[in-house]
Amino acid sequence: MPSDVSRIYDAVDRLEVAMSYHRDRHSVLASNVAHLDTPGYRPLDLQRTPAPEATRPWLTNPAHQAGAAGGVEDRTVVDDGGALAGPDGNAVQLERELAKIDANRVRYGTSTELVSRRMALLRYAAGDGNS
Amino acid sequence: MDFFTAMEVSASGLSAQRTRMTVSSSNLANASTTRGVGGGPYQRRDVVLGSVPMNNGGLGVSGVAVQQIATDPNPPRLEYDPGHPDADVDGYVAYPNVNPVEEMVDMITASRAYEAGVTALSTAVSMAERALGIGR
């Protein structure tokens with residue numbers, strides 16, 4: 001169990017993992033859009049599996065769902081093509097990919113906003129409530 | 001992996017679509033060319049796209065590249081026009097195997113795919129800007 005002082009940034013660390021996941025997922029989704037006309041291309045997606053319970057010491061209650069910290073989460077690239085494919089074997093659906101890109105951008109924005117607010121809170125505390 | 005990977009992937013898609021647009025324009029412009037570069041009527045060209053691996057940290061991300069600009073093997077369109085200087089002994093002129101409708105459809109899909117690529121690219125830019133704004 002880390003000491004209380006070093007846990008100040010736990011939330012930021014967790015958000016950082018979320019941000020890097022959404023950043024990498026954007027690359028995967030952008031690659032799908034770029035392959036709109038590549039014969040035989042199957043679209044990919046990035047799935048994240050939270051770290052096992054034992055590596056999440058900050059969980060004070062098992063019912064809490066926390067994200068992973070420090071790169072311990074597991075990521076897998078999955079085929080997201082479904083059964084439908086064009087005559088050339090390409091299974092990219094443009095609307096689906098653009099919708100996922102937009103949702104991913106919003107999630108990334110949420111994480112950055114939360115990091116900003118967390119930092120503002122820490123700044124406020126460090127400044128003795130004067131900032 | 002960073003945002004530049006996403007931007008490079010999107011950029012590769014954009015340049016592939018631009019090539020498709022160029023080739024379609026060339027096909028349309030040469031729809032009546034009876035004297036092509038190698039002699040004989042112009043032959044329709046088609047772009048073949050393929051994946052190229054990117055520096056991706058095991059995520060399976062790949063860019064797009066033009067692998068080949070293939071020549072359409074379909075026979076030329078014959079039109080009876082005995083007065084044409086390129087008419088054969090029977091009076092038929094061999095025109096390129098270009099179908100303008102097909103080219104227009106190709107141009108529309110290339111244009112839509114280009115727009116989608118621009119959207120993905122500008123999303124990567126806006127995400128990077130959000131990250132730069134942390135702590136401001």
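Helices and strands in these legends are DSSP runs, numbered from the N terminus. The model shown in every view is predicted.

**Figure 1. Welcome to the largest pocket, with a volume of about 320 Å³.** Have a look at who contributes here: α2(B) provides the largest share of the lining, 3 residues. Two helices each give at least two residues to this lining, namely α2 (94-126) of chain A and α2 of chain B. The pocket is lined by 16 residues, and nearest its centre you will find Leu36(A), Asp37(A), Asn90(A), Val92(A) and Leu94(A). Sorted by class, the lining holds 8 nonpolar, 4 polar and 4 charged residues.

**Figure 2. Next comes the second largest pocket, holding about 210 Å³ of space.** Its lining takes two or more residues from each of α1, β1 (45-53) and α2 of chain B. Of the contributors, β1(B) gives the most, with 5 residues. Asp37(A), Arg20(B), Asp46(B), Val47(B) and Asp106(B) lie nearest the centre, out of 15 lining residues. The class split for this lining is 5 nonpolar, 2 polar and 8 charged. If Asp37(A) seems familiar, that is fair: Asp37(A) is also listed among the residues nearest the centre of the largest pocket.

**Figure 3. Here is the largest cavity, with about 30 Å³ of space.** The count of cavities of 30 Å³ or more comes to 1. Chain A brings Val33(A), Ala34(A) and Leu36(A) to the lining, while chain B brings Gly13(B), Gln17(B), Ala113(B) and Gly117(B). At least two lining residues come from each of three helices: α1 (10-34) of chain A, and α1 (3-29) and α2 (100-132) of chain B. The lining residues fall into 4 nonpolar and 3 polar, with no charged ones.

**Figure 4. In this view, α1(B) meets α2(B).** The two helix axes come within 9 Å and cross at roughly 160°. Angles over 145 degrees count as roughly antiparallel, so α1(B) is roughly antiparallel to α2(B). Their contact involves 19 nonpolar, 8 polar and 4 charged residues. As for handedness, the crossing of α1(B) and α2(B) is left-handed.

**Figure 5. Finally, meet chain A, with its 2 helices and 2 strands.** Follow the sequence along and you will read the pattern α-β-β-α. Of the 131 residues in chain A, 38% are buried. Both helices have appeared above: α1 of chain A helps line the largest cavity, and α2 of chain A helps line the largest pocket.

Terms used: Residues are numbered from 1 along each chain as its sequence is written. Chains are lettered from A and ligands numbered from 1 in the order in which they are written. This is a predicted model: local features need pLDDT of at least 70, side-chain atom pairs count only at pLDDT 80 or more; totals for chains, interfaces and linings use all residues. Side-chain values use heavy atoms; hydrogens and water are left out. On a 1 Å grid over the protein atoms alone, a cavity is a set of points where a 1.4 Å probe fits but cannot get out, and a pocket is an open set with protein on both sides within 12 Å along at least five of seven lines; lining residues have an atom within 4 Å of a point. Grid points are joined across faces, edges and corners, and a volume is the space filled by probe spheres set on the points. Helices (H or I, at least four residues) and strands (E, at least two) are DSSP runs, numbered from the N terminus. Ala, Val, Leu, Ile, Met, Phe, Trp, Tyr, Cys and Pro count as nonpolar, Asp, Glu, Lys and Arg as charged, and the others, Gly among them, as polar. Axes are lines fitted to C-alpha atoms, for helices over the stretch in contact, and angles run from 0 to 180 degrees between N-to-C directions. Angles under 35 degrees count as roughly parallel, over 145 as roughly antiparallel, 65 to 115 as roughly perpendicular and the rest as oblique. A crossing is left-handed if the near helix is turned anticlockwise from the far one by less than a right angle, and right-handed if clockwise. Buried means under 20% relative accessible area, exposed over 50%, partly exposed in between (1.4 Å probe, protein chains only).
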